[in-house]
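Me: I'm new to reading protein models. Could you walk me through one, feature by feature?

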Amino acid sequence: MTRASYGIDAPGAVRANIVLGVVFAAAAAAGAAWSVPAWIITVAAFLAALCFFYAAVMLWSSLVAKKRVCARLVTALALSGNERVLDAGCGRGLALIACAKKLTTGKAVGVDLWAAKDLSDNNPNATLANAAAEGVADHVAVETGDITKLPFADASFDAIISITVIHNIPSRDGRDQALRELARVLKPGGRVAIFDLLHTARYAQVLRDAGLTVEILSREILWLLPSRSLLARKP
Ligand SMILES: C[S@@+](CC[C@H](N)C(=O)[O-])C[C@H]1O[C@@H](n2cnc3c(N)ncnc32)[C@H](O)[C@@H]1O
């Protein structure tokens, strides 16, 4: 059985930065060989370094930093083992499987649209293969769905987790709707743990307006963007 692998976020942007880095580096090398003015070579070399640096930041954020954030959020959910847990925008199952590992009789359900631009090799078979590789296939299920209209009944989950998902919804109305959907499917007494980029102050407001209490667990810079972890509780 192969090892679980959770993919790279925004793979097209990582590729674009690497390709641009190679192009600028080649231009700088060609400029040096053809004796073009030094400032042009310096600018090309600077742009190459910038592109390679941002590609490295993106890879580190996906492959290292996000895993640490995920571990902290799963701990914050304080699962006791018998819960029904939703991973909203589960991708290849990073948080879904981390939650499933805490369950005894419970179930972790992942829902996703499987957008290829958001995560490399993003598909439900990859998620299920990862769950099998991690030994938690019995505690995992995946569904195809949009988190702005979740295919679940009101109050059907004890806990919800969502990592680097909601910012992918282009409009503020869409992001607000997704947060109201998370609040809708959460049971009274349930917890929602969210990590995301950019719009998290607004997320906290929408969750409060939906009647949840919200705690900011951490502020950090991932992908060189302001980001926060939130923990919300439904009374
Ligand atoms: C950057 S990936 C993160 C995946 C996973 N949470 C992780 O941390 O590895 C964002 C995920 O959100 C999913 N997604 C984006 N918009 C969505 C929506 N409206 N409904 C469901 N899933 C969505 C994408 O398909 C993708 O799997």
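Reply: Here is a short tour, from the overall layout to single pairs of side chains. Keep in mind that this is a predicted model.

Me: Let's start with the layout. How many helices and strands does the chain have?

Reply: There are 6 helices and 7 strands. Going along the sequence, they come in the pattern α-α-β-α-β-α-β-β-α-β-α-β-β. As for dimensions, the C-alpha atoms fill a box of roughly 70 × 45 × 25 Å along the principal axes.

Me: And what share of the chain's residues is buried?

Reply: Buried means under 20% relative accessible area. Of the 235 residues in this chain, 48% are buried. The accessible surface comes to about 11000 Å², and carbon and sulfur atoms hold 62% of that.

Me: How do I read a helix? Take α2: what span does it reach?

Reply: You compare the end-to-end distance with the span expected at 1.5 Å a residue. Helix α2 runs over residues 38–77, which is 40 residues, and reaches 56 Å from first C-alpha to last, close to the expected 58 Å.

Me: Where is the kink in α2 centred?

Reply: On S61, where the helix bends by about 45°. Just after α2 you'll find A78, which has a positive phi, near 50°.

Me: Now salt bridges. What's the general idea?

Reply: Side chains of opposite charge can pair when their charged atoms come close. The cut-off here is a Lys or Arg side-chain nitrogen within 4 Å of an Asp or Glu carboxyl oxygen. This structure holds 11 such bridges.

Me: Show me one. Which residue does K66 form a salt bridge with?

Reply: Its partner is D9, and the closest N and O atoms are 3.0 Å apart. Since K66 sits in helix α2 and D9 in the segment before α1, the pair ties together parts that are 57 residues apart in sequence.

Me: Are K66 and D9 buried or exposed?

Reply: Both are buried. K66 counts as buried because its relative accessibility is 8%. Leaving out residues up to four places away in sequence, K66 touches several others besides D9, including S61, L94, I163 and W223. You've met S61 already, as the centre of the kink in α2.

Me: Which elements hold the salt-bridged pair D176 and R202?

Reply: The closest N and O atoms of D176 and R202 are 2.5 Å apart. D176 lies in helix α5 (residues 172–185) and R202 in helix α6 (residues 200–209), so the pair ties together parts that are 26 residues apart in sequence. D176 is buried, with a relative accessible area of 5%, whereas R202 is partly exposed at 32%.

Me: What about strands?

Reply: Try K187 and D158, whose side chains meet in a salt bridge with an N to O distance of 3.3 Å. K187 is in strand β5 (residues 186–197) and D158 in strand β4 (residues 157–163), 29 residues apart. K187 counts as partly exposed because its relative accessibility is 28%.

Me: Which residues are linked in a network of salt bridges?

Reply: D154, E181 and R184 are linked that way.

Me: Last one: which residues form a nonpolar patch on the surface?

Reply: I18, V22 and F52 do, with about 240 Å² of accessible area together. V22 belongs to helix α1 (residues 11–33), and counts as partly exposed because its relative accessibility is 48%.

Terms used: Residues numbered from 1 in each chain as written. Predicted model: local features only at pLDDT ≥ 70, side-chain atom pairs only at ≥ 80, totals over all residues. Heavy atoms only, no water. Patch = residues over 30% accessible without salt bridge, like charges linked within 9 Å, V, L, I, M, F, W, Y side chains within 5 Å. Areas by Shrake-Rupley, 256 points an atom, 1.4 Å probe, with all protein chains shown as cover. Helix = DSSP H or I, 4+ residues; strand = E, 2+ residues; numbered from the N terminus. Buried < 20%, exposed > 50% of the residue type's maximum accessible area, 1.4 Å probe, protein only. Expected span 1.5 Å × (residues − 1). Bend = angle between axes of the 7 residues up to and from the residue. Contact = heavy atoms within 4.5 Å.
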